[in-house]
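Please look over the sequence and the model below before reading on. The paragraphs that follow take the cysteines and then one of the sheets.

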Amino acid sequence: ICQGESYLFGGITRTTAGFYSQNLSTTFGCDSIKNLQLIVHPKFTDTITVDICQGESFVFGGVARTTSGFYTQNLTTTFGCDSIKNLHLIVHPKYSDTVTVNICQDESVVFGGVPRTTSGFYTQNFTSTFGCDSIKNLQLIVHPKFADTVTVDICQGESYLFGGTARTSSGFYTQNLTTTFGCDSIKNLRLIVHPKFADTVTV
């Protein structure tokens, strides 16, 4: 019999495997013994947990499973007993992430173990803890640093506004600026002040 079933023997419902005897008498009053060898076959309930990656499948119950979930398959043992097999399927995602990074000329950012100094699109392949492919992308933008020099000629008594200050003397002036991306920018002024001449001659 199968686990959960019973067998009536000697007026008693038997559910446990064992050897049972029943003493009887024949119609002629002779002793008669009836023996029962009862075998109780177990019902099986088995649950397995399977991890797969997004895009993969696992065949269970004759069907390729691709979605996380709990699946049940009813089977029958060789002794005709019910058997249940359960599948707990976990589908892990594949990751694809893109980050955009802005840096200044002469700076670098480490990506994939390599210092990157040039604008471009970089890709690094990973494997997650569950063995699934993972991709990380870097969009790197390198902004220039500017250095600009202007030469200005003015006359004595005039001025030129530079760096928020009115300049009246010949010289080389520097102003440090920052671009909208936070990069250093230098603006230089070469200022030349030409004299005015006043000359009187007596003839």
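**Disulfides and a three-stranded sheet**

Cys 53 has a relative accessible area of 5%, so this residue is buried, the cut-off being under 20%. The model is a predicted one. The partner of Cys 53 is Cys 132, and the sulfur atoms of this disulfide lie 2.1 Å apart. The bond connects distant parts of the chain: Cys 53 belongs to strand β5 (residues 44-53), while Cys 132 sits in the loop between β13 (120-127) and β14 (133-143), 79 residues apart. Cys 132 is also on the buried side of the cut-off, because its relative accessibility is 1%. The link of Cys 53 and Cys 132 is left-handed, with -95° about the S-S bond.

In total, the structure contains three disulfides. A disulfide is a covalent bond between the sulfur atoms of two cysteines. Another of them is formed by Cys 2 and Cys 81, with 2.0 Å between the sulfur atoms. The torsion about that S-S bond is about -90°, and the disulfide of Cys 2 and Cys 81 is therefore left-handed. This pair, too, links distant parts of the chain: Cys 2 lies in the segment before β1 (7-9), and Cys 81 lies in the loop between β8 (69-76) and β9 (82-92), 79 residues apart. Cys 2 and Cys 81 are both buried.

There is also a bond from Cys 104 to Cys 183, at an S to S distance of 2.0 Å. About this S-S bond the value is -95°, and the link of Cys 104 and Cys 183 is left-handed. Cys 104 is in strand β10 (residues 95-104) and Cys 183 is in the loop between β18 and β19; the two are 79 residues apart and the pair links distant parts of the chain. With a relative accessible area of 6%, Cys 104 is buried. Cys 183 counts as buried because its relative accessibility is 0%. When the bonded cysteines of the chain are numbered in sequence order, the pairing reads 1-3, 2-5, 4-6.

Two other cysteines can be placed by their accessibility. Cys 30 has a relative accessible area of 43%, so this residue is partly exposed. Cys 155 is partly exposed as well, because its relative accessible area is 35%.

The loop that holds Cys 183 leads to the sheet. Between β18 and β19, which form a hairpin, there are five residues, and Gly 182 in the turn has a positive phi of about 80°. Strand β19 covers residues 184-194, runs antiparallel to β18 and is joined to that strand by eight bridges. Within this pairing, Gly 171 stands opposite Leu 191 of β19, and Leu 177 has Ser 185 of β19 as its bridge partner.

What is the order of the strands in this open sheet? The three strands run β15-β19-β18, and their pairing is mixed. At the edges are β15 (146-155) and β18 (171-178), each of which pairs on one side only. On average, neighbouring strands of this sheet are turned by 20° against each other, direction ignored. The parallel part of the pairing is that of β15 with β19, joined by 10 bridges. Here Val 150 stands opposite Leu 189 in β19.

Methods
Residues numbered from 1 in each chain as written. Predicted model: local features only at pLDDT ≥ 70, side-chain atom pairs only at ≥ 80, totals over all residues. Heavy atoms only, no water. Pairing = 2+ DSSP bridges. Helix = DSSP H or I, 4+ residues; strand = E, 2+ residues; numbered from the N terminus. Axes fitted to C-alpha atoms, helices over the stretch in contact; angles between N-to-C directions. Disulfide = S-S within 2.5 Å. Buried < 20%, exposed > 50% of the residue type's maximum accessible area, 1.4 Å probe, protein only.
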